[in-house]
Amino acid sequence: MLENRKILLCVSGGIAVYKAVALVSKLSQAGADVKVIMTESAREFVQPLAFQVMSRNDVYFDTFDEKDSSVIAHIDLADWADLILVAPATANVIGKLANGIADDMVTTTLLAATAPIWVAPAMNVHMYDHPAVKRNIDRLYGDGIRFIEPSEGFLACGYVGKGRLEEPEKITALVGEHFTAAPGPLTGKKVVVTAGPTRERIDPVRFLTNFSSGKMGYAMAQAAAELGAETILISGPVSLPVPAGVKRVMVESAKDMYDAVLAQYDNADIVVKTAAVADYRPKHIASSKVKKKDGESVLELERTDDILKTLGSMKQHQLLIGFAAETNDVDTYAKGKLEKKNVDYIIANDVSKAQRGFDADTNAVTVFGKDDFQQQFDLMPKPVLAKQLLELIVERENIHDR
Ligand code: PMT
């Protein structure tokens with residue numbers, strides 16, 4: 001199942017280290033070539049020799065102990081791996097990774113890695129529930145790191161709850177599924193999705209925004225990742241969890257979103273602009289809170305850059321998909337945007353109707369494409385719709401030859 005697969009196991013210090021020895025055994029039995037790095041605390045629980053015997057490879061724990069003078073060990077190991085597992089992952093190693101701290105062999109290697117990183121936490125139930133740990137886990141989800149959730153049961157500290165390292169057999173099975181999963185129609189492609197509203201500041205306490213919840217855009221990102229794409233989600237301020245396997249970049253204003261999208265554009269294959277971007281922003285942002293006065297007040301606005309139109313004007317190999325939120329003359333406005341913004345598809349939703357558009361869990365849309373292509377999708381949950389929309393586009397476009 002794992003023949004010719006190179007797995008790097010990073011072991012941090014908790015009582016579950018003994019299960020990591022069994023994990024190396026299971027992975028090796030499944031055919032994987034396993035190398036192990038240990039933190040200093042992990043070595044307090046189990047000797048490196050145990051991992052060396054199980055993996056039949058050198059075990060690494062000292063950043064400055066360069067076993068091979070022709071390479072730098074932590075870079076070499078990071079480049080070597082097809083997949084990196086951090087198991088057991090303590091609150092400490094999760095915190096370091098979430099904050100970019102690299103102060104030992106495990107954390108320097110993790111920062112140098114380009115291979116997928118999977119983290120399997122193991123700790124006391126209250127530690128796992130601590131807001132700081134949750135914050136760090138959320139941040140790592142946003143960096144595209146996958147988590148193997150701990151299971152519930154008796155913990156070494158005497159508590160019963162969530163915090164046990166997942167069983168080695170289960171982790172090995174998940175790794176196997178990862179390598180044997182059939183490629184999706186978007187495997188090898190990079191999809192950039194924007195979602196949510198933007199905020200345009202008026203003063204330090206006020207801003208202009210809209211009712212976008214991010215649900216439609218997050219569903220598009222999730223669908224892209226499920227179809228195999230490397231997915232970057234550029235999100236305005238919303239409070240939704242990061243979909244599995246998606247890298248998220250949080251932005252605030254239309255200008256921030258413009259910069260973030262442009263930075264990803266050159267090597268993107270598909271860009272899906274679901275975000276509800278402000279068309280106008282205050283011309284001046286007051287540096288202190290604007291005080292109320294008698295009488296009326298006028299807020300002077302200026303245009304923001306149209307991100308989608310800019311992408312359309314620079315378009316090379318990319319496939320561009322825009323959304324249009326309309327309250328009237330939906331078809332006319334949507335077709336107009338298709339032309340004006342030079343995009344391949346516009347997905348129009350009539351946001352004057354109930355259960356669709358802003359903040360709804362469902363949506364109904366019409367897709368407009370070049371050559372008068374038009375297809376309607378009736379009301380359905382946004383995640384279901386997102387999958388159907390991307391499948392339609394994959395089917396109509398020769399994505400792999402673009
Ligand atoms: O987030 P939800 O609550 O789930 O709601 C989903 C949604 C209603 C926001 C979504 O389905 C939707 O319709 N998104 C587009 C909303 C919109 O701003 O439409 P528009 O017609 O104003 O813009 C057309 C296109 O140009 C959009 O792809 C938009 O991202 C893009 N645009 C607009 C202005 C701007 N300055 N830059 C842009 O790139």
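Here is a short walk through the two domains of this chain and one residue inside it.

What you're looking at is a predicted model, where local features need pLDDT of at least 70, side-chain atom pairs count only at pLDDT 80 or more, and totals for chains, interfaces and linings use all residues. Residues are numbered from 1 along each chain as its sequence is written, and side-chain values use heavy atoms, with hydrogens and water left out.

Start with the big division. The domain assignment gives domain 1 (6-180) and domain 2 (190-286 + 294-401); such bounds come from an automatic or database assignment. Their C-alpha centres sit 37 Å apart.

So how do the two meet? The size of an interface is often given as the accessible area lost when the parts come together. Here domain 1 and domain 2 bury about 350 Å² between them, 55% of it on carbon and sulfur atoms (area lost to a 1.4 Å probe, summed over both parts). On the domain 1 side, Tyr-141, Gly-142 and Gly-144 lose the most area to domain 2, together 79% of what that side buries. Five residues of domain 1 are in contact with four residues of domain 2, contact being heavy atoms within 4.5 Å. Salt bridges between the domains? The count is zero (the rule wants a side-chain nitrogen of Lys or Arg within 4 Å of a carboxyl oxygen of Asp or Glu).

Now hop over to Ser-235, found in strand β12 (residues 230-235); strands are DSSP runs (E, at least two residues), numbered from the N terminus. Ser-235 counts as buried because its relative accessibility is 0%, and buried means under 20% relative accessible area (1.4 Å probe, protein chains only). Leaving out residues up to four places away in sequence, Ser-235 touches several others, including Ala-195, Tyr-218 and Met-257.

Methods:
Buried area = accessible area lost by both parts, 1.4 Å probe. Helix = DSSP H or I, 4+ residues; strand = E, 2+ residues; numbered from the N terminus. Buried < 20%, exposed > 50% of the residue type's maximum accessible area, 1.4 Å probe, protein only.
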